[in-house]
Amino acid sequence: MEVNDINMQSDNCEPDRAAHPGIFLCREAGKSDHQPSGRCVDFPVSVVLPAGGSGERTGLQTPKQFCSFLGRPLISYTIQAFERVLWIQSIMVVVAKENMDLMTDIIQRFQHRKVRVVPGGSTRHRSICNGVLALGEEGEGTSAVERPKVVIIHDAVRPFVEEDFLYKIAMAAKEQGAAGAIRPLVSTVIATTSEGYLDHSLERAKYRASEMPQGFTYDVICQAYQRCSESDFEFGTECLHLALQYCGTNAKLIEGPPTLWKVTYKRDLAAAESIVKETLSRSACIITGGSTQAVTLADALQKAVGALDVELDVIPDLMGDNARYLLKEWNFIQVSVNTSCLSEVEAMLGALEAANRALLHPLVVIWVHFSSMDELSVSGRVAEPAAIMDLASTAKLRNILLYGIQLHQSKEAERWERSVLRVAEIASALIRDRSPALVGQLLQA
């Protein structure tokens, strides 16, 4: 079987990787988002991600797993959801033969680890079977990876799977031989006659929707595919049924969280983008440079953005212990109190690029130019917008979105409060929306 081995590593530590947001807590590079106390997976676990669908229901020419939002294809988000789990040793992505090169490019571009690419079959079961069988083969560069005890099968278009739930599936699969996610039925299921009339309906409370992920011991899922019929391969869709029918393994069913939803339609891509944006925008870091005026503004902004559901940390710089923000934060606000201060922003952009922070998600950097009315000059007001536009254009190529906000100091308390609130609202909107169209703009507060 043809298998592309890309960046396969048996080492679980990846110190150069940035955090993955999804619905998970941000973390330092290479460390698990959360490691449940007392939970240890002491057996090898691998993943098969079938990604050979054509995505007809989205109404798009590009298969949905390869559709992009925030600069990344959907399947990259799903892969990263599994990569962040330290006890998962390998990920087998199964794609249509014509998409092998595209998938290889995605893996290399976003520096995914633990990943192998396998050509799919003509149906879902044939594709999953190819992935399962490939896990039992010793591919080039993968001799250190042992055959898995448990195989988790998951859809490439369900990017928000949580580690806690994967743990439940893996442990139940090891103990029972098979396990799967279920969710309550949203609608009543009915049967119709050949003439298009109601035949009967099912009692919704007795039934559940079968979801992904599903887990199996390697021996069970491998034997199920070796024994199943041609009809199963051609028309079947349920892996748990194959395990029951051909191996006598009755799966343990586990109620899954709402986050297991599947991207099916075009509107679902927008919903997935919204979820990622919302997670990225929960917090920000404001850098004052140690200036008394900047600290005063930062404290006022901290109170204002708190009402806008954004957690704001205030620090003087990104040196020493504060450098940890480069690895855990996705949004930065640089406050400057003079007209020749873009060097501070340039230094921050250099530090972010060195930390490889913008590989997986666009970073937001907001330059707040804080000045008193008598400091303004016509030349300064003209020069700064041009300078920030040039700097932003370069930063955008590195997936860093740079914006500017001009704030004029006022001696009137009421006017000052309105201005600070305006800065907070603009900054929150820029962080939340991550709009490329406003990159390089110097907005007036």
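Let's start at one residue, Ala351, which sits in helix 11, the stretch covering residues 342-354. Keep in mind that this is a predicted model. With a relative accessibility of 26%, Ala351 counts as partly exposed, because that label covers values between 20% and 50%. Now look for Leu326. Along the sequence, Ala351 and Leu326 are 25 residues apart, yet in space their C-alpha atoms are 7.6 Å apart.

That pair is a handy way into the whole fold. The protein has 13 helices and 18 strands, and buried residues make up 52% of its 445 residues. If you take the contacts with a separation of 6 or more, 78% of them are between residues 24 or more positions apart.

Just past helix 11 there's a residue to pause on. Asn356 lies in the loop between helix 11 and strand 16, and its phi is positive, about 60°, although Asn356 is not a glycine. Most residues other than glycine have a negative phi, and most peptide bonds are trans. Asn356 is partly exposed, with 26% relative accessibility.

Leu70 is another residue to check for its phi. You'll find Leu70 in the loop between strand 3 (68-69) and strand 4 (72-73), and its phi is near 55°, again positive in a residue other than glycine. Is Leu70 buried or exposed? Leu70 has a relative accessible area of 14%, so it is buried, the cut-off being under 20%.

And what about the peptide bonds? The one from Met212 to Pro213 is cis, with omega near 10°. Pro213 belongs to strand 11, and that strand takes us straight to the largest pocket.

This pocket has a volume of about 550 Å³. Its lining is made of 24 residues, and those nearest the centre are Arg158, Ala209, Ser210, Glu211 and Lys262. Strand 8 (178-184) and strand 11 (208-217) are the elements that give two or more residues to this lining. Which of them gives the most? It's strand 11, with five residues. Sorted by class, the lining holds eleven nonpolar, five polar and eight charged residues.

Next, find helix 9, residues 292-306. Its 15 residues reach 21 Å from the first C-alpha to the last, close to the 21 Å expected at 1.5 Å a residue. The buried residues here are Ala294, Leu297, Ala298, Leu301, Ala304 and Val305. Looking down the axis of helix 9, you'd see these buried residues fall within an arc of 125°, so they line one face of the helix. The spacing helps you see how that works: an α-helix has 3.6 residues a turn, so residues three or four places apart point the same way. Over on the other side of helix 9, Thr292 and Lys303 are exposed.

What do the buried residues of helix 9 pack against? Their partners are strand 13 (283-287), strand 14 (311-315), strand 15 (331-336), strand 16 (363-371), strand 17 (400-408) and helix 13 (413-433).

Helix 13 is worth a visit of its own. Ser428 is located in helix 13 and counts as buried, at 7% relative accessibility. Setting aside residues up to four places away in sequence, Ser428 touches Val305, Leu308 and Val310. You've met Val305 already, as one of the buried residues of helix 9.

Carry on along the chain and you come to Arg434, in the loop between helix 13 and strand 18 (442-444). Buried or exposed, what would you say for this arginine, Arg434? Arg434 is buried, with a relative accessible area of 3%. Arg434 and Leu363 are 71 residues apart in sequence, but 8.4 Å apart in space, C-alpha to C-alpha. Leaving out neighbours within four places in sequence, the contacts of Arg434 include Leu280, Ser281, Trp330, Leu363 and Tyr403.

Leu280 leads us to the last stop, helix 8. This helix spans residues 266-280, and its 15 residues reach 22 Å from first C-alpha to last, close to the 21 Å expected at 1.5 Å a residue. Leu280 is one of its buried residues, along with Asp268, Leu269, Ala272, Val276, Lys277 and Thr279. The buried residues of helix 8 pack against strand 3, helix 1 (74-83), strand 13, strand 15 and helix 13. Strand 13, strand 15 and helix 13 also appear among the partners of the buried residues of helix 9.

Conventions
Residues are numbered from 1 along each chain as its sequence is written. This is a predicted model: local features need pLDDT of at least 70, side-chain atom pairs count only at pLDDT 80 or more; totals for chains, interfaces and linings use all residues. Side-chain values use heavy atoms; hydrogens and water are left out. On a 1 Å grid over the protein atoms alone, a cavity is a set of points where a 1.4 Å probe fits but cannot get out, and a pocket is an open set with protein on both sides within 12 Å along at least five of seven lines; lining residues have an atom within 4 Å of a point. Grid points are joined across faces, edges and corners, and a volume is the space filled by probe spheres set on the points. Helices (H or I, at least four residues) and strands (E, at least two) are DSSP runs, numbered from the N terminus. Ala, Val, Leu, Ile, Met, Phe, Trp, Tyr, Cys and Pro count as nonpolar, Asp, Glu, Lys and Arg as charged, and the others, Gly among them, as polar. The expected span of a helix is 1.5 Å times one less than its number of residues. Buried means under 20% relative accessible area, exposed over 50%, partly exposed in between (1.4 Å probe, protein chains only). The arc is that of the directions from the helix axis to the C-beta atoms. Contact means heavy atoms within 4.5 Å.
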